[in-house]
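Hello,

Here is the structure I promised to pass on to you. Have a look at it first, and then read my notes below.

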Amino acid sequence: MAFPADRPRRLRSTQAVRRLVAETSVEARQLVLPMFIAEGRSEPRPIASMPGVVQHTRESARKVYAEAAALGLGGVMLFGVPEHKDATGSGALDPNGILNVAIADARAEVGDDIVVMSDLCLDEFTDHGHCGVLDSRGNIDNDATLGIYGQMGIAHAEAGVHMVGPSGMMDGQVGAIRSALDSAGWLSTGILAYAAKYSSAFYGPFREAVDSSLQGDRKTYQQDPANSHEALREALLDSVEGADIVMVKPALSYLDLIPLIRSHVTVPVAAYSVSGELAMVEAAAANGWIDRERAIDEILLSIRRAGADIVLTYWAAEVAARLR
Ligand code: PBG
C-alpha cells in the first residue's frame, strides 16, 4: 500500500470541520461557581493563593449572584466564612449565621433563575476545623455529626437554598439529610453529594480561602488517593440514600473515576475543579509558562470529556462570559 488507507487528518483540516465533529463542549449552564462570603468585613479580600478569587462581603457577593444569573451559569455554590467558631460549629445552625444569610441574599437576587447551592459541612464553623464534632477522645463522632447535618440542611432550606452540598464525608450523611429535609416538609430541596471526595493536597489554597483552623488532616473521613473501588462504593451509597447529583472531587487527578461512576449511577455526575488546580494554572500562567485561557478551556473540556455533566469551577463566570 503506497498511501495510508485512512486519513484522520481530513477531519482536522479546517476550523469548520473541527467544530462540526467536536464530541464535547462546555456550556455556561453546566458550570457552577463556588463563592466565599465572609462575615463582618467591609471590603472583599483577595485570597493570595487563589488569584482572581476573593472572600466576598454580603454586598459584593450580591453583584456576583446577579452576574451569574445574567451569564446563564448552572448555579453558585456558597461557602460561609464566619467570624466566630466553636467546638460544635453552632454558627452553622444560626439563621443569622453568614452562610444562611448569604443563601437568602442569593435567592433574593436570582430567584429561580439559577440553582443556589450551599456547602453543608461544619469545618468552616468549628474551632478545630474538622468536618464533624469530636467525641470525648477527640475522634470524629460520625453519628452525632449526622444529627447536626440534618439540622443544617433544614436551616439552609429555610434560608431558601435549592440544593445542599454535603461535603463532610460522614457515613450516612446523605440519608440523614434527606430524611431531615423530608420530615420538615422540604421535599423539593435537592442534594448534590460530594460522593467521592479525596483527602487531597489540592485543597491547600481553600484552607486560606475559608480561614481554616484545621490541625492534622482529614484522612479518617476523606478517601485515600490510592483507591477507586471505594469511590464507586461511596457513589452508590449516596445514590441509594437519595442524592440527586453525585460529585467527584478533586477533578483532574481523579478523572478516571468520572466515567466509572457515570456508568454505574443514573443521576447526573458533577466534578469539582478545586482550589489547587486553579492555583497551579494561575501560577504557571503568571510566570508566562502556559497560555492561561487555553489551559483553562482544556481542563474544563477534559472534565466534560471524562463524562461529567456538571463542573464546579472558580473560572465559571469568566468562561461563560467568553463563551458568549
Ligand atoms: C469542606 C470543603 C473543602 C473544599 C470544599 N469543601 C476543603 C476540605 O475538604 O478540606 C475544597 C474546595 C477547594 O479546594 O476548592 N467543607
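Let me start with helix H11. The buried residues of H11 pack against three elements: strand E1 (31-38), helix H2 (58-70) and helix H10 (292-306). Please keep in mind that this is a predicted model.

Which residues of H11 are buried? Within the helix, which spans residues 316-323, they are Ala-316, Ala-317, Val-319 and Ala-320. These four lie on the same side of H11, because they cover an arc of only 165 degrees around the axis.

Next, the cysteines, since you may well look for them. The structure holds 0 disulfides. Cys-121 and Cys-131 are worth a look in the viewer: neither Cys-121 nor Cys-131 is in a disulfide, and for Cys-121 the nearest cysteine sulfur is that of Cys-131, 3.3 Å away. A disulfide is counted here only when the two sulfur atoms are within 2.5 Å, so this pair does not qualify. Are these cysteines buried or exposed? Cys-121 counts as buried because its relative accessibility is 1%, and Cys-131 is likewise buried, at 1% relative accessibility.

Finally, the surface. Leu-11, Leu-20 and Val-21 form a nonpolar patch there, and together they have about 300 Å² of accessible area. Of these, Val-21 belongs to helix H1, which runs over residues 15-21. Val-21 has 36% relative accessibility, so it counts as partly exposed.

Happy browsing, and best wishes!

Notes: Residues are numbered from 1 along each chain as its sequence is written. This is a predicted model: local features need pLDDT of at least 70, side-chain atom pairs count only at pLDDT 80 or more; totals for chains, interfaces and linings use all residues. Side-chain values use heavy atoms; hydrogens and water are left out. Buried means under 20% relative accessible area, exposed over 50%, partly exposed in between (1.4 Å probe, protein chains only). Helices (H or I, at least four residues) and strands (E, at least two) are DSSP runs, numbered from the N terminus. The arc is that of the directions from the helix axis to the C-beta atoms. Contact means heavy atoms within 4.5 Å. Patches are made of residues with over 30% relative accessible area and no salt bridge: like charges are joined within 9 Å, nonpolar side chains (Val, Leu, Ile, Met, Phe, Trp, Tyr) within 5 Å. Accessible areas come from the Shrake-Rupley method with a 1.4 Å probe; for residues, only the protein chains shown count as cover. A salt bridge is a side-chain nitrogen of Lys or Arg within 4 Å of a carboxyl oxygen of Asp or Glu.
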